[in-house]
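Trainee: I have a new model open and would like to learn how to read it. Could we take one feature at a time?
Mentor: Gladly, let us begin with a helix.

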Amino acid sequence: MSEADNKSVNVIAQETAQLEEQLQGWGEVILAGDRVVRWEKPWFPGALMGGTSVLFLLIYYLDPSVLTGLSCSIMLICLADYLVPTLAPRVFGSNKWTTEQQQRFHDICGNLVKTKRRVVGWWNRLCAVKEEKPKMSDLVCADWADLVCADCSLTWSLTCLTCSPQYFASVISSLLVVAWIGQQVHNLLLTYLIVSFLLLLPGMNQYGIISKYTSMAKREINKLLKQKEKKNE
């Protein structure tokens with residue numbers, strides 16, 4: 001292992017230890033939430049969807065203004081920050097904290113730190129590309145690291161779009177499509193779908209659902225490409 005790798009490992013370990021200390025009062029709640037989102041019991045997915053649906057139905061029924069919604073959200077966060085560290089040990093029982101639970105809590109914090117570092121690194125690369133403003137004809141494909149959600153082990157391959165002459169058109173087209181979707185779908189419904197997907201994502205990955213359908217999509221794309229190549233021949 002090189003000196004740079006050792007330094008990176010030490011920094012990650014230090015940041016993980018700091019995060020563990022900061023979230024120590026939330027340890028029991030984090031572990032309970034982790035078990036739910038990873039579907040340790042068959043009824044957890046239904047409970048997740050049911051709770052999310054009730055919450056969004058309540059928001060839809062009350063129809064609060066932006067200022068009211070923001071104020072209530074911050075108020076709930078403040079209450080949770082004050083009450084959870086105090087009540088969690090009494091509800092879950094700190095005396096039942098085992099070595100296995102401590103290790104899982106350490107893994108969760110480590111995964112959060114690694115994910116944050118990857119996102120920051122990805123953002124810094126985008127900023128570097130913007131500052132350099134390279135010409136399309138002079139672009140050289142860089143070895144872009146994959147953006148990995150460490151907790152879910154999901155990979156979104158960041159194909160080096162900056163190496164393509166269609167980079168600008170691709171970005172603008174993608175943003176136009178997203179803007180069109182946002183215009184066609186109700187904001188609350190779109191938020192509900194996104195939140196539901198993110199909550200179900202760890203469990204789907206845990207049971208191999210994501211990898212299964214990703215593999216199917218890759219096979220279909222490869223078939224289409226092969227058929228296109230045969231037609232061109």
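Trainee: What span should the 20 residues of helix α7 (residues 187-206) have, at 1.5 Å a residue?
Mentor: The expected span of a helix is 1.5 Å times one less than its number of residues. For α7 that gives 28 Å, and the end C-alpha atoms lie 29 Å apart, which agrees. Helices here are DSSP runs of H or I with at least four residues, strands are runs of E with at least two, and both are numbered from the N terminus.

Trainee: Before we go on, what kind of model is this?
Mentor: It is a predicted model, in which local features need pLDDT of at least 70, side-chain atom pairs count only at pLDDT 80 or more, and totals for chains, interfaces and linings use all residues. Residues are numbered from 1 along each chain as its sequence is written, and side-chain values use heavy atoms, with hydrogens and water left out.

Trainee: Where does α7 bend?
Mentor: A bend at a residue is the angle between axes fitted to the seven residues ending there and the seven starting there. In α7 the bend is about 40 degrees at L200, and a proline, P202, follows within four residues. Just after the helix, G208 has a positive phi of about 75 degrees.

Trainee: Which residues of α7 are buried?
Mentor: Buried means under 20% relative accessible area, exposed means over 50%, and partly exposed is in between (1.4 Å probe, protein chains only). The buried residues of α7 are L188, Y192, S196, L200, L201, P202, G203 and M204. Across the protein chain, buried residues make up 19% of the 233 residues.

Trainee: How many helices and strands does the protein chain have?
Mentor: There are eight helices and two strands, in the order α-α-α-α-α-β-β-α-α-α along the sequence.

Trainee: Where is confidence lowest and where is it highest?
Mentor: Use pLDDT, the predictor's confidence in each residue, from 0 to 100. Its mean for the protein chain is 80, with 79% of the residues at 70 or more. The lowest confidence is in strand β2 (residues 154-156), with a mean of 41, and the highest is in helix α3 (residues 44-62), at 93. Over residues 135-165 pLDDT stays under 50, and there the model has 57 contacts (heavy atoms within 4.5 Å) beyond four places in sequence.

Trainee: How many salt bridges does a search of the whole structure find?
Mentor: Side chains of opposite charge can pair when their charged atoms come close. The criterion is a side-chain nitrogen of Lys or Arg within 4 Å of a carboxyl oxygen of Asp or Glu. The search finds six. One of them joins K116 and E15, with the closest N and O atoms 4.0 Å apart. That pair links distant parts of the chain, K116 in helix α5 (residues 99-132) and E15 in helix α1 (residues 3-22), 101 residues apart.

Trainee: Which residues are linked in a network of salt bridges?
Mentor: They are D34, R38, E40 and R104. R104 and D34 meet at 2.9 Å, N to O. R104 lies in helix α5 and D34 in helix α2 (residues 27-37), so this pair ties together parts that are 70 residues apart in sequence. R38 bridges to E40, with the closest N and O atoms 3.1 Å apart.

Trainee: Is D34 buried or exposed?
Mentor: D34 counts as buried because its relative accessibility is 5%. R104, at 22%, counts as partly exposed. R38 counts as buried at 18%, while E40 is partly exposed at 44%.
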